[in-house]
Amino acid sequence: MATRKKIGLIGAGNIGGELARLCAADELGDVWLYDIPQKENFAKGKALDLEQNSAVIGYDSNIRGTANWADLEGADVIIVTAGIPRKPGQSRDDLVATNLPIIRDVANNAKKYCPNALAIVISNPLDAMVYEYKRVTGCPKEKVIGMAGVLDSARFQLFLAREAGVSIKDVRAMVLGGHGDDMVPILSACTINAVPIQNFIAKEKLAAIIDRTRKGGGEIVNLMGTSAYYAPASSAVAMAKAYLNDQKRLLACAAYLDGEYGYKDLFIGVPCVIGGKGVEKIVELPLSEEEKAMLKKSAASVQAVVDVVKKG
Ligand SMILES: NC(=O)c1ccc[n+]([C@@H]2O[C@H](COP(=O)([O-])OP(=O)(O)OC[C@H]3O[C@@H](n4cnc5c(N)ncnc54)[C@H](O)[C@@H]3O)[C@@H](O)[C@H]2O)c1
């Protein structure tokens, strides 16, 4: 008999709740919403609310809340949002001290209960947290990815679509590098349905859009007092779906580099083909000299945080 896929969501906060709603509504599998024992009832309450929602919307996925890692045994995918988000004035790197012990706790439990799951890490500082998750679990590089590039690309695409006055559906654009203020929007590969973006938007306007994209997370933190959660959740679900349905989508993901783009033993955002084997391919784009220099700067920023993590 066919069985449903099992999806473990680690952290039942703002992103975790939206992830649960999207995974269930899309019937990607049965969902376990895990949080720490002090938040067990909160996780159970959210799960019950979302199950009741199934009667209105009409989906068959089961959603359960738990504070017991044993319930996640054998999960096919886990998506990790455990940790604290930014407050106004904080950088993502300011979260290391709090989120490092949390990602280690999560990784140790994941290693024990669901070592074969595809892990999608969202917790910040993203590139360093996904690095630490892989180091602690020892998971193969194909099965551990960080979510940032899909979200940063989405922000870039939205600002481009609005400025160019075209449908968001026709914008093709990718943001690579680390999930920080020196992330790298790739203008050389940016088109409105194959027509170069420069045909639609002047150079100075593009520079302003790149700046807004880089500060896109902070703009929302300043408005809401906490991080974004709708678009981050959709981005991670796109990655999970590409894996579960073997879609072989080309998505910007933080992937473990072993020489690609000239970097080793580092996670940064690069174009990846995501299919049933996880990261099936890292695509090496022919970057301009300027883009290479920006990627180098971004990789150096990520490396600096990873060095802190390695000492911690
Ligand atoms: N990668 C990205 O693009 C991106 C985008 C937005 C937010 N984020 C990050 O995602 C993380 C979550 O954001 P949020 O808005 O959902 O935060 P949130 O505070 O709403 O939820 C986080 C949850 O993690 C739980 N938690 C803490 N320690 C845990 C542990 N050991 N095991 C399991 N759960 C634990 C907390 O109890 C809380 O419920 C933050 O670090 C935020 O900075 C990343």
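**Figure 1. Residue classes around the largest pocket.** By class, 19 nonpolar, 13 polar and six charged residues make up the lining of the largest pocket. The model shown here and in every view below is predicted. The pocket is lined by 38 residues in total. Its volume is about 720 Å³. Which residues lie nearest the centre of this pocket? They are Thr 81, Ala 82, Gly 83, Ile 84 and Pro 85.

**Figure 2. Helices that line the largest pocket.** Four elements each supply at least two residues of this lining. They are α1 (14–25), α3 (96–113), α5 (149–164) and α7 (216–224). Which of them gives the most to the lining? The answer is α3, with four residues.

**Figure 3. The ligand in the largest pocket.** The space taken by the ligand is the largest pocket. How many residues surround the ligand? There are 30, and the closest are Asn 14, Asp 35, Lys 39, Ile 84 and Met 147. Ile 84 also appears among the residues nearest the centre of the pocket. Sorted by class, the shell around the ligand holds 17 nonpolar, 10 polar and three charged residues. Both α1 and α3 supply at least two residues of this shell. The largest share comes from α3, with four residues.

**Figure 4. Backbone contacts to ligand oxygen atoms.** Look at the backbone of Ile 15, Gly 83 and Ile 84. A polar backbone atom of Ile 15 is 3.0 Å from an oxygen atom of the ligand. For Gly 83, a polar backbone atom is 3.3 Å from an oxygen atom of the ligand. A backbone N or O atom of Ile 84 lies 2.8 Å from an oxygen atom of the ligand. How much of the ligand does the protein bury? Taken alone, the ligand exposes 870 Å², and the protein buries 91% of that.

**Figure 5. The second largest pocket.** This pocket has a volume of about 540 Å³. It is lined by 22 residues. Closest to its centre are Ser 153, Gln 157, Ala 173, Arg 249 and Leu 251. The lining has 14 nonpolar, five polar and three charged residues. Helices and strands both contribute: α5, β7 (171–172), α8 (230–244) and β12 (249–258) each supply at least two residues. Which element gives the most here? It is α5, with five residues. The helix α5 also supplies at least two residues of the lining of the largest pocket.

**Figure 6. A cavity inside the model.** Rolling a probe the size of a water molecule over the atoms shows where empty space is left. How many cavities of 30 Å³ or more are there? The count comes to one. The largest cavity has a volume of about 40 Å³. Its lining includes Leu 126, Asp 127, Ala 148, Gly 149 and Asp 152. Further along the chain, Val 175, Leu 176, Gly 177, Gly 178 and His 179 also line the cavity. Ala 254 and Gly 269 complete the list. Three elements, α4 (126–137), α5 and β8 (175–176), give two or more residues to this lining. By class, the lining has five nonpolar, five polar and two charged residues.

**Figure 7. Two backbone details in loops.** Most residues other than glycine have a negative phi, and most peptide bonds are trans. Start with the peptide bond from Asn 124 to Pro 125. Is this bond cis or trans? It is cis, with omega near -5°. Where is Pro 125 placed? Pro 125 is in the loop between β5 (118–121) and α4. Now turn to Asp 246. Its phi is near 45°, a positive value in a residue other than glycine. Asp 246 is found in the loop between α8 and β12. Both of those elements also supply at least two residues of the lining of the second largest pocket.

How values were computed. Residues numbered from 1 in each chain as written. Predicted model: local features only at pLDDT ≥ 70, side-chain atom pairs only at ≥ 80, totals over all residues. Heavy atoms only, no water. 1 Å grid on protein atoms, 1.4 Å probe; cavity = no way out; pocket = protein on both sides within 12 Å on 5 of 7 lines; lining within 4 Å. Points joined across faces, edges and corners; volume = space filled by probe spheres on them. Nonpolar A, V, L, I, M, F, W, Y, C, P; charged D, E, K, R; others polar. Near = heavy atom within 4 Å. Polar contact = N/O pair within 3.5 Å; in protein donor to acceptor, adjacent residues only side chain to side chain. Areas by Shrake-Rupley, 256 points an atom, 1.4 Å probe, with all protein chains shown as cover. Sits in = over half its atoms within 2 Å of the grid points.
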